[in-house]
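This report follows a few strands, one contact surface and one residue through the structure shown below. Please keep the sequence and the 3D view at hand while reading.

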Amino acid sequence: MVASALTLDEIVARFGGELIGDGARLIHQVATLDRAGQGEISFLANPKYREKLGATRAGAVILSPEAAVGSPVACIVCANPYLYFARVAQCLNPAALPASGIHPTATVEAALPESVSVAAGVYIGPQARIGERVSIGAGCIIGAGVELGAGTLLHANVTIYGGCKIGARAIIHSGAIIGADGFGFARELEGKNSGTWHKIPQIGRVLIGDDVEIGANTTIDRGALDDTVIEDGVKFDNQIQVGHNVRIGAHSALAGCVGIAGSATLGRRCTVGGGAIILGHLRIADDVNISAGTLVAKTISRAGSYTGAVPFMEHAAWLKNFARLRQLDAMAAKIRALEAEVEKLVITQSEEKL
Amino acid sequence: MVASALTLDEIVARFGGELIGDGARLIHQVATLDRAGQGEISFLANPKYREKLGATRAGAVILSPEAAVGSPVACIVCANPYLYFARVAQCLNPAALPASGIHPTATVEAALPESVSVAAGVYIGPQARIGERVSIGAGCIIGAGVELGAGTLLHANVTIYGGCKIGARAIIHSGAIIGADGFGFARELEGKNSGTWHKIPQIGRVLIGDDVEIGANTTIDRGALDDTVIEDGVKFDNQIQVGHNVRIGAHSALAGCVGIAGSATLGRRCTVGGGAIILGHLRIADDVNISAGTLVAKTISRAGSYTGAVPFMEHAAWLKNFARLRQLDAMAAKIRALEAEVEKLVITQSEEKL
Amino acid sequence: MVASALTLDEIVARFGGELIGDGARLIHQVATLDRAGQGEISFLANPKYREKLGATRAGAVILSPEAAVGSPVACIVCANPYLYFARVAQCLNPAALPASGIHPTATVEAALPESVSVAAGVYIGPQARIGERVSIGAGCIIGAGVELGAGTLLHANVTIYGGCKIGARAIIHSGAIIGADGFGFARELEGKNSGTWHKIPQIGRVLIGDDVEIGANTTIDRGALDDTVIEDGVKFDNQIQVGHNVRIGAHSALAGCVGIAGSATLGRRCTVGGGAIILGHLRIADDVNISAGTLVAKTISRAGSYTGAVPFMEHAAWLKNFARLRQLDAMAAKIRALEAEVEKLVITQSEEKL
């Protein structure tokens with residue numbers, strides 16, 4: 001399903017939907033409503049951007065039945081325009097994989113299938129098991145005994161510690177570190193060395209399913225004793241930290257800068273907003289959405305959306321309002337006292353009336 | 001403007017300001033008020049540190065007219081002492097660039113100017129366009145078609161994905177990743193695969209202006225369809241995440257651990273404090289200052305300072321006060337009820353008086 | 001103290017504690033209570049997991065005197081079971097260090113002891129001083145003049161800038177960047193370039209003591225003028241940012257995603273929870289515990305636990321309650337007004353009674 005250009009008829013034949021307009025028009029690329037030209041196809045998924053539809057010069061637009069009415073250009077009507085757009089975009093923009101082969105500057109200590117591509121400066125350790133058509137970018141370090149499933153793509157400078165397993169069709173971005181030691185230390189609690197930390201060897205692995213994407217500079221630690229587990233289809237943005245023995249359910253998606261502490265379990269199809277922190281040893285149910293900036297400090301047993309961030313305001317207003325946070329308990333006590341006094345006043349007044 | 005030592009007279013001749021003291025004194029380095037010795041020059045910019053001036057043994061101090069009165073040592077009086085100090089420090093501490101040339105372990109698939117320095121283990125892809133006097137540190141990976149402007153300095157282990165453009169005189173620190181895929185996925189909303197994600201190919205680039213500095217392990221994602229744009233003079237600290245299609249206005253400065261979600265637009269000369277999170281698809285005006293730890297969840301249309309962080313307190317006090325956050329709405333309702341009752345009491349009382 | 005298997009008698013002979021059960025039982029590995037089998041030893045440190053003890057099939061369990069009563073299997077009774085477990089685990093799981101020697105693809109410009117191991121693609125700059133038995137993983141970049149103490153282990157793709165010093169027995173994980181420039185710029189405040197930033201050369205170093213562990217993708221900046229200092233035994237998790245001129249006291253431990261701004265001083269034996277942000281130029285006393293997600297915006301002079309995070313709730317409840325944060329000051333004013341009115345009512349009522 002890869003093409004350098006498709007007619008609208010061909011697109012509808014492949015991906016379904018209803019075409020309104022000239023099916024012979026040739027589409028060679030995807031673009032935004034603002035910038036698309038005659039040979040490009042765009043999409044309208046969020047009604048907020050509907051006004052942009054009126055001014056678009058796109059060759060065609062993918063949209064929902066409700067939005068189709070006002071379209072000034074050809075359109076493909078379907079139930080999930082953004083998903084449809086993803087499929088067209090994938091078809092017109094296949095991943096530009098390098099030819100198979102091993103760069104002469106690479107150091108490879110394992111047997112590789114012929115279909116594999118290994119770029120400059122790569123190191124692959126002994127007993128690594130690399131699947132068909134795997135592509136390993138320049139400077140990647142693959143530890144001993146690592147398994148990479150068929151079709152997996154590592155961009156440049158990815159590091160995978162020994163023993164970790166990654167499934168098929170993964171995409172791992174530069175700077176990602178898979179399988180570093182979890183943060184496990186026991187503390188001396190008495191004697192002259194009280195307070196010092198002793199390392200717990202981290203002997204678990206990281207096990208990652210199929211179709212997982214891992215963003216740039218994201219880190220996923222190996223398990224302490226058991227394994228850290230990432231199920232199929234999970235998508236990680238950049239700069240995410242996943243602690244040891246975390247388990248993340250299939251098809252969950254985590255935005256940038258999220259931190260998940262050790263032994264937390266996240267359900268299936270969850271979403272976690274940017275910068276959220278999930279504490280350790282707690283469980284989050286399936287289909288939970290955590291808002292950006294939220295600190296999750298206890299188990300969430302029910303699907304739903306959860307939030308804990310504070311609103312921002314002009315600094316002067318903040319100074320006035322946030323000082324009160326230190327007085328909330330005192331404010332609550334004053335309200336209780338007022339309620340008691342007012343009740344007394346009401347009673348006295350009614351007695352006087354009698 | 002590079003020198004291994006300068007007299008105070010020479011400094012004032014180059015950078016202006018008024019010298020009080022012996023112009024023949026030779027200065028070879030910059031140092032703090034605490035530690036500076038006879039051949040070193042220090043500065044006093046923050047009145048908070050004024051008491052340190054009395055005890056300094058510096059050869060000279062750069063300071064404002066107000067601070068000059070009490071100086072026990074030679075001083076240079078100027079309007080912006082910290083900026084003046086920066087200029088003197090740059091003059092005495094030029095970047096120690098390696099000699100030009102290509103290390104034999106580097107893999108270079110593009111034509112380079114002779115003035116370029118390429119360190120060990122570097123990979124430079126085809127069609128890369130590297131400017132004069134560019135310095136590329138060990139282990140850097142430069143993708144196909146990347147452009148680096150004249151005088152740009154990449155420290156070790158920087159990764160730049162194909163097609164990205166960086167202007168002149170940039171400084172990019174180790175571990176920075178420029179041009180990884182943005183976090184773009186469309187979700188299936190029905191059927192047996194409901195909840196699964198489909199990748200939107202990220203075909204935009206990262207375009208970075210002149211005089212930009214990018215800190216260690218900072219990540220800037222390529223655009224989804226259009227480009228991610230960083231204007232001239234922007235300064236990024238470490239561990240920052242910039243999502244796809246973000247635009248950051250000239251001369252803005254972002255502290256460590258900031259996250260900016262996709263399609264956010266930040267104005268010119270903004271500052272963003274450490275750990276702040278800026279959500280996607282919103283606009284921040286020019287000259288806005290965001291405090292550390294603030295979550296920016298909506299557009300800011302006016303210059304000014306904005307804050308949203310919560311104060312910390314001893315844990316026991318926090319337990320009492322922050323439990324109340326879940327009751328704020330109930331507290332507000334109680335206040336309203338009390339106001340109504342008190343008003344009724346007041347009316348009844350005045351009626352009784354009649 | 002390294003072994004592939006030990007009897008319980010041998011364990012108690014080495015590490016102390018009281019054995020209850022068959023001392024001849026052979027233990028070859030550590031495991032969780034859930035998964036441990038006959039040849040494995042587990043531990044029970046947190047009473048919360050006590051019910052798991054009843055069902056364990058472990059060969060033995062390390063536990064406290066209180067927990068020993070109900071143990072269905074052999075046990076070792078001691079005062080600090082987690083610390084005891086750490087020692088047994090270390091003994092059974094020695095770090096798998098590569099043989100000494102320099103990989104042919106490495107570029108080494110300094111003299112090295114014979115006991116050192118240098119992996120593929122490493123670069124070591126001139127005047128670097130590398131201690132005995134140091135192990136440097138593939139792709140590491142060690143700048144000019146760097147010092148690494150005896151027995152220090154660098155995993156793959158670590159970057160250390162020139163001039164930094166690291167003590168003995170450090171463990172540094174992949175992607176860590178030690179010694180990048182601190183974030184120091186002076187701003188023009190007037191004229192046509194008002195708002196532009198001028199770099200302050202960062203001429204300090206990073207000095208790291210003995211027995212420090214640094215997590216994956218953690219960054220520690222070099223000092224601006226003086227040095228950034230990390231004392232002995234400090235443990236850093238992943239994705240931590242440490243600004244220039246920070247000082248961290250011995251045996252402190254910092255969880256993932258923490259950010260510490262420039263010139264902050266953290267005391268000895270402190271702990272900092274995940275995602276906490278510590279602002280610059282402040283001091284934190286010894287033995288302070290900062291909770292996850294807390295923003296520390298001022299000096300903490302006394303040992304203790306400090307928290308500033310907000311509780312999360314269902315999104316609908318959050319919308320109601322957090323809107324009130326903007327009205328806290330108004331709520332406090334209303335409470336004051338009510339108090340005044342109620343007091344007046346009380347006085348009037350008592351006057352009427354007279």
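In this predicted model, strand 25 (residues 219–220) and strand 28 (residues 241–242) of chain C pair in the parallel sense over 2 bridges. Within this pair, Ile220(C) stands opposite Val242(C), a residue of strand 28 of chain C.

Both strands belong to an open sheet of chain C that is formed by 10 strands with parallel pairing. The order of the strands is 9-11-14-17-20-25-28-31-34-37. At the edges stand strand 9 (107–108) and strand 37 (295–296) of chain C; each has a single partner strand, so one side of each is left without a neighbour in the sheet.

Pairing also occurs between chains. Strand 38 of chain A and strand 39 (residues 313–314) of chain C pair in the antiparallel sense, again over 2 bridges. Here Tyr306(A) stands opposite Glu314(C), which lies in strand 39 of chain C. The following table sets the two pairs side by side.

| Strand pair | Sense | Bridges | Residues standing opposite |
|---|---|---|---|
| Strand 25 and strand 28, chain C | parallel | 2 bridges | Ile220(C) and Val242(C) |
| Strand 38, chain A, and strand 39, chain C | antiparallel | 2 bridges | Tyr306(A) and Glu314(C) |

The contact between these two chains involves 61 residues of chain A and 65 residues of chain C. On the side of chain A that touches chain C, the elements giving two or more residues are strand 21 (185–187), strand 22 (197–199), strand 37 (295–296), strand 38 (304–307), helix 5 (315–323) and helix 6 (328–353) of chain A. Which element gives the most to this side? Helix 6 of chain A does, with 8 residues. Sorted by class, this side of chain A has 27 nonpolar, 24 polar and 10 charged residues.

The arrangement of the copies can also be described. Chain B is superposed on chain C by a rotation of 120° with 0.0 Å of shift along its axis, at an RMSD of 0.0 Å. The two copies are thus related as by a three-fold rotation axis.

One residue of chain B remains to be considered. Asp287(B) is found in the loop between strand 35 (283–284) and strand 36 (288–290) of chain B. Is Asp287(B) buried, exposed or partly exposed? Asp287(B) counts as partly exposed, because it has 17 C-beta neighbours inside 10 Å, whereas a buried residue would need 20 or more. Leaving aside residues up to four places away in sequence, Asp287(B) touches Gly267(B), Arg269(B), Cys270(B) and Ala303(B). Gly273(B) is 14 residues apart from Asp287(B) along the chain, and their C-alpha atoms are separated by 14 Å.

Technical notes
Residues numbered from 1 in each chain as written. Chains lettered and ligands numbered in written order. Predicted model: local features only at pLDDT ≥ 70, side-chain atom pairs only at ≥ 80, totals over all residues. Helix = DSSP H or I, 4+ residues; strand = E, 2+ residues; numbered from the N terminus. Buried ≥ 20, exposed ≤ 12 C-beta atoms within 10 Å, placed from the backbone. Contact = placed C-beta atoms within 7 Å. Pairing = 2+ DSSP bridges. Nonpolar A, V, L, I, M, F, W, Y, C, P; charged D, E, K, R; others polar. Least-squares fit on C-alpha atoms with pLDDT ≥ 70 in both.
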